[in-house]
Amino acid sequence: MKEKLVVIGNGMAPGRALERLFEKAPDRYEVTIFNAEPRVNYDRIMLSPILSGEKSFEDIVIHGDGWYVEKGVNLYKGHKVIGVDRERRTVTSEHGVTVGYDKLIIATGSLPIVIPVPGHDLAGVLTYRDLDDVNAMLLAAKSGGRAVVIGGGLLGLEAAAGLREQGMDVTVLHLMPTLMERQLDPAAGHLLQKAVEARGIRVITRANTHAIIATDGDAGPPRVKAVQLDDGTELPSDLVVMAVGIRPNAAIAKAAGLIVNRGIVVDQTMRTNDPAIFAVGECAEASGQVFGLVAPLYEMANVIAEQLSDNSTATFSPSAVATKLKVTGINLFSAGDFSDGDGREEIVLRDASRCIYKRLVINDNVLVGVVMYGETADGAWFFDLIKKRTDITELRETLIFGQSYAGGAPLDPTAAVAALPDDAEICGCNGVCKGRIVTAIQEKGLTSLDDVRAHTKASASCGTCTGVVEQLMKVTLGDAYNPAAVQPMCGCTTFGHDDVRRLIVAKSLTTIPDVMQELAWSTSGGCAKCRPALNYYLLATWPGTYKDDNQSRFINERVHANIQKDGTFSVVPRMWGGLTTAGELRAIADIVDRYDIPTVKVTGGQRIDMLGVRKEDLPRVWADLNDAGMVSGAAYAKGLRTVKTCVGKEWCRFGTQDSTALGVRIEKFMWGSWTPAKVKMAVSGCPRNCAEATCKDVGVICVDSGYEIHFAGAAGLDIKGTEVLGHVATDDEVIEVIAALVQLYREQGRYLERIYKWAKRVGLDSIRRQALDDVDARRALCERFVHSQKFAQIDPWEERAGGKDAHEFAPIAVLTELEAAE
Amino acid sequence: MSVMEKAWIDIGAISDIPAQGARLVKTARGCIAVFRTADDTVFALDDRCPHKGGPLSQGIVHGRSVTCPLHNWVISLETGAALGADEGQARTYELRVEGGRILLDGAALENLAPE
Ligand code: SRM
Ligand SMILES: Cc1cc2nc3c(=O)[nH]c(=O)nc-3n(C[C@H](O)[C@H](O)[C@H](O)COP(=O)(O)OP(=O)(O)OC[C@H]3O[C@@H](n4cnc5c(N)ncnc54)[C@H](O)[C@@H]3O)c2cc1C
Ligand code: SF4
Ligand code: FES
C-alpha cells in the first residue's frame, strides 16, 4: 500500500517539493492537497506582470489541472483546512472532508499584515497576496480613479506600478524616509524614488496613516473615500492597497499543538516537533529565521523531497538572498548585508548623468553586500563573490566596474558568462548554478529555452535571469543555438508542424509514405504521434483526393465510437442542436434493449450516450440508428462535436433570435468536417447565455440587432472565456463567418491544438481580419470549407453498417472450441 | 521441463489483417492480438496491455511496436516489453507464416493462465 501524504496549502514551496519528490520516488505516496485558494499552483511572483497587463493567468500557472491528473494527486481546491488531529493523523477541511495521513506537510504561506487603523475593513481596502487581490485591483482600475498604496517596499511598488499602468492615479505612502529601506541604502532608495515618480506615481515618505475614511451612507454601502495621515492630510482615494509586510500563517499548526515562534519551528530536516509533520515555505521558521523570497523556500522544498524519499542526510541551512524589483524599466539589485559597521569599507560608483549607482560593502577583504541601481548585469557575479566569501584583494582596483574589468580587458556579455565558474548561481529563485545548466544542455541535448526551463527550472520563476540563461545556451551550443528554433513534431523528424504543412503543399506530397520519404523521417513508419497528425494535414490539404489512412487514426476515429476502459465502446448519435423526437427516443430505447447496452447517459453536449456496446455489435447498432434517421455524433472526432443551443425566441420570453434553428443549421452545415482538434459550438438566444456559448471554441450570442460571434473559449483542462470575433446582422453571415473561421483554423492549426491555443499563437487580430473584416478573404475561406465538406459529409456509421472495414469488427479466428475440447 | 510439441493452428491469411493493423483471435481464456507490420511481419501478443489491461489490438502500429489506445504505453511487438520509461511485459506467442497463412502455436494456448 502506498503511504499517504497530505499537504496543506498549494503554493510555490510545496509545489516544488512534490515535483522533486515525484522525480525521486514516483510511486511511493498517495498525495492529497488542500488549498484554500480555489485554484492550481501558480507563480505568485508573477502577479505583478498580471496586474500591469504584461501576462495572463494562464502564463503563470506552474501545474495545470492535467499535472494533478497525471501524477494521481487529489487536489481539493477551495478547501481550507480547519483542523489537524495528530492523534488520529487526520486533517479536516471547512467543507467537512477528512483525510488520513502518514506524513503531513504544512505549507500555509503568509498572511499580509493589515494595519488596524480605523476603516481598515472598508470595501475598497485590499491587500496584495493572491490572484483574487489582483482581480479586485484590475476591476477597481477599470473605472479609473485614485489609488493609495500603503507601503513602499517590493510589493507596494510593484502594485503601484501595475495600477498606474492600468490608468489609475497612484500615490505611495511610505513610513520610512526612503523606499525599500530593507533592501536599499538611502542613496539607491532616493534614485528609485525619482524613477517611480518619473512614471507619474506620487511618493510620500515619512507618511504615517491615521485612518481610512468612508463614503457617506446615502450613496449605497460605505466604502473607502480617502486616506488620512497623522498630519491631517487627506488623500482622496477609491482604492487602498496595504502592502506593509507579511506574517507567517501558522494558526493551524499552533492549534494542533506544534511549536510556533514567529513561524512554525522546524529542524534542519524541515520536521516540526511532530516527526510525521513537516513545514515548508513562508510559514516555516528555520534556524530562527523566516523567509519571504522563493530561493530559500525552494531549498527547503528540496530537503523535504529528499527526506520523504529516505535521504536523511539532506539538511537546510539558510544562505544569503538577492532581491530584484520586477517593474519593467527599473533595474535594481541588492544582496547581502550593506549596513555600515566597524571595519567595513565601501566602494561607491555614481554616474549621475546615466543614473547609475553601485555600492559594494567589504569586510576583511571579502565582499559582504552589494546594492546596484540602473545597471545590474553584474549582479550574479557579485552575488557569487558574496556567497563564496572570495578574497577580493586582487580584484579590488576594478571590482566596482564588474566582471568585465576584473580580468583586465573588457569582455562582451557572452564571454563574461563563459568566464563564470561552474558553481556560479544563475537563477536565484531556483538556486540553479551554471554547471547544472551546462550539463543538462549537453547531456539531455536541450536546444530551446523551454527545454532548459523544464529540465533545470532555471529562468522558470521570475524570469529576470532569462538573458543570462540564453547567453549560456549560446556559449554551450555555439551556432547550434537558435532561439527561434521550432519544436519538432515528434522524435521521428526535426521538422515542426508548420514546416511539415508548408512542405506538404510546396512539394505536393500526397501520402504519408511520401512525406516520410521526402522529409527524411528517421523511423520507418513514424509513430503514434506523427501519423495521426500527417493524416489530418494531408486530408485537410487535399480534400477529395487524399485517401484517409485508417491505420494512422486513433482507435476512436478508426471505428467511429469511443473506446472505454474495458475495451467496449460508447455510441453517441447526433441530436441536431440538442433537439430530439419521440421517434428517436423510442428507437434508442429499443436498441438499448436489443443489444443489452448497460448504460444510457445524457452527455454534457446535449445528447444521449449509450455506453458499453460490444465492438462486434457496433455495425448493427448503427444500422438500427440509421433506420431511425440518426447519424454519427462524432463524439470521438477531432472534428465538429456538438452545437449546443437554448430554446431561444420560439419559446423563451427573453429570446431575441431563433437560436435553436440557427444551432441546427450550423450543425447541419458543419458536421463531418475534420479539424486539428475537436470543435464545440453553442448558440444562445440572448446574453443570459443559457447555452454557455462563451466557453466554446465558437459561440454565438443572439442580440436584438443580430448576432455576436465569439471564439477561442475553453472549459476543459483550461478554462477561458471566449473572445469576441465581431457582430453580424444576418444568420447567413453567421454561417459564412463561422465557416471561414473554422477553415482558417483547419489550415493553420497544429494537430491537437484547440482553437484557443491556435488563436493565442497566431493572434486574434490576424484571425479577425481574415475571417470577418476582409470580405474577400472570408468568402474564399468559406468556399474552401464548402468544397471540403462535399467529401466529408458521409455518415461513417452508414458506410460501416454497409460492410466497410468489416475486418475491424470481427475476430480473425475463434478458437474457443479447441480449448473447450481439451 | 518436458519439451512441448508444437501444434500449429491455421488462423487465417496474412492479407486478412490490414498492414499496420491487428486482428483478434478469441480463445476460451482471453484474446490474442495478431499484428501485421508495414513490412508484412506478423506478431502475436496477449490483447492485454501490461499497464491496465488495454486492448493492444486497437492501438496504432508503428515500426515493430504498438501504442496502447488507453494511456499510450508503447509495447514492443517482438518482445512484448513496454518501451521507454514504462515497465511491463505482455505475453508473446510463437507463430509461423507459410504460403501466406498464419499458423499459431496451439500448444502455447493450452498453457494460457485461466482468466
Ligand atoms: C460523454 C462526455 C461526458 C458526459 O457524459 O457528459 C464526455 C466524455 C469524454 N470526454 Fe469530454 N465529454 C463530454 C463533454 C465534454 C465537455 C462539455 C461540453 O462539450 O460542453 C468538455 C469541456 C468543454 C471543452 O472541451 O472545452 C469536455 C472536455 C474534455 C477534455 C478536455 C479537452 C481540452 O482540450 O481541454 C477531454 C480530453 C481530450 O480531449 O484530450 C475530454 C475527453 C473525453 C473522452 C473522449 C475521454 C476519452 O478520451 O476517452 C470521454 C469519452 C467518453 C465516451 O466514450 O463517451 N473531454 N468534455 C461528454 C460528451 C459530449 C458530447 O455529447 O459529445
Ligand atoms: C505580488 C508578489 C510578488 C512577489 N515577488 C517575488 C519575487 O520577485 N521574488 C521572490 O523570491 N519572491 C517574491 N514573492 C514572494 C513569493 O511569492 C513567496 O515567497 C512564495 O510564493 C511563498 O510560497 P509558499 O508556498 O510558502 O506560500 P504561498 O504561495 O503563499 O501559498 C500558501 C497557500 O496555502 C493556502 N492556505 C493557507 N492556509 C490554508 C489552510 N488552512 N488550508 C488550506 N490551504 C491554506 C493559501 O491559500 C495559499 O494558496 C512575491 C509575492 C507576492 C505576493
Ligand atoms: S468523461 Fe470526461 S471528465 Fe469524465 S472521467 Fe472521462 S474524461 Fe474525465
Ligand atoms: S492500459 Fe495500456 S497504456 Fe494504460
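Tutor: A salt bridge is a side-chain nitrogen of Lys or Arg within 4 Å of a carboxyl oxygen of Asp or Glu. The count between chain B and chain A is one. This is a predicted model, where local features need pLDDT of at least 70, side-chain atom pairs count only at pLDDT 80 or more, and totals for chains, interfaces and linings use all residues. Residues are numbered from 1 along each chain as its sequence is written, chains are lettered from A and ligands numbered from 1 in the order in which they are written, and side-chain values use heavy atoms, with hydrogens and water left out.

Student: What makes Glu616(A) and Lys26(B) a salt bridge?

Tutor: Their closest N and O atoms are 3.1 Å apart. The cut-off is 4 Å, so the pair qualifies.

Student: Which elements of chain B give two or more residues to the side that touches chain A?

Tutor: They are β1 (8–13), β2 (21–27), β5 (60–62) and α1 (106–110) of chain B. The largest share, six residues, comes from β2(B). Helices (H or I, at least four residues) and strands (E, at least two) are DSSP runs, numbered from the N terminus.

Student: What kinds of residue form that side of chain B?

Tutor: There are 15 nonpolar, ten polar and five charged. Asp, Glu, Lys and Arg count as charged; Ala, Val, Leu, Ile, Met, Phe, Trp, Tyr, Cys and Pro as nonpolar; the others, Gly among them, as polar.

Student: How many residues does each chain bring to the contact?

Tutor: Chain B brings 30 and chain A brings 31. Contact means heavy atoms within 4.5 Å.

Student: How much area do the two chains bury between them?

Tutor: About 2,500 Å², 60% of it on carbon and sulfur atoms. Buried area is the accessible area (1.4 Å probe) that two parts lose on being put together, summed over both.

Student: Why is Lys507(A) called partly exposed?

Tutor: Its relative accessibility is 40%. Buried means under 20% relative accessible area and exposed over 50%, with partly exposed in between (1.4 Å probe, protein chains only). The value falls between the two cut-offs, so Lys507(A) counts as partly exposed.

Student: Where does Lys507(A) lie, and what does it touch?

Tutor: Lys507(A) lies in the loop between α16 (497–506) and α17 (512–518) of chain A. Not counting residues up to four places away in sequence, Lys507(A) touches Glu518(A) and Leu519(A). The C-alpha atoms of Lys507(A) and Glu518(A) are separated by 8.6 Å.
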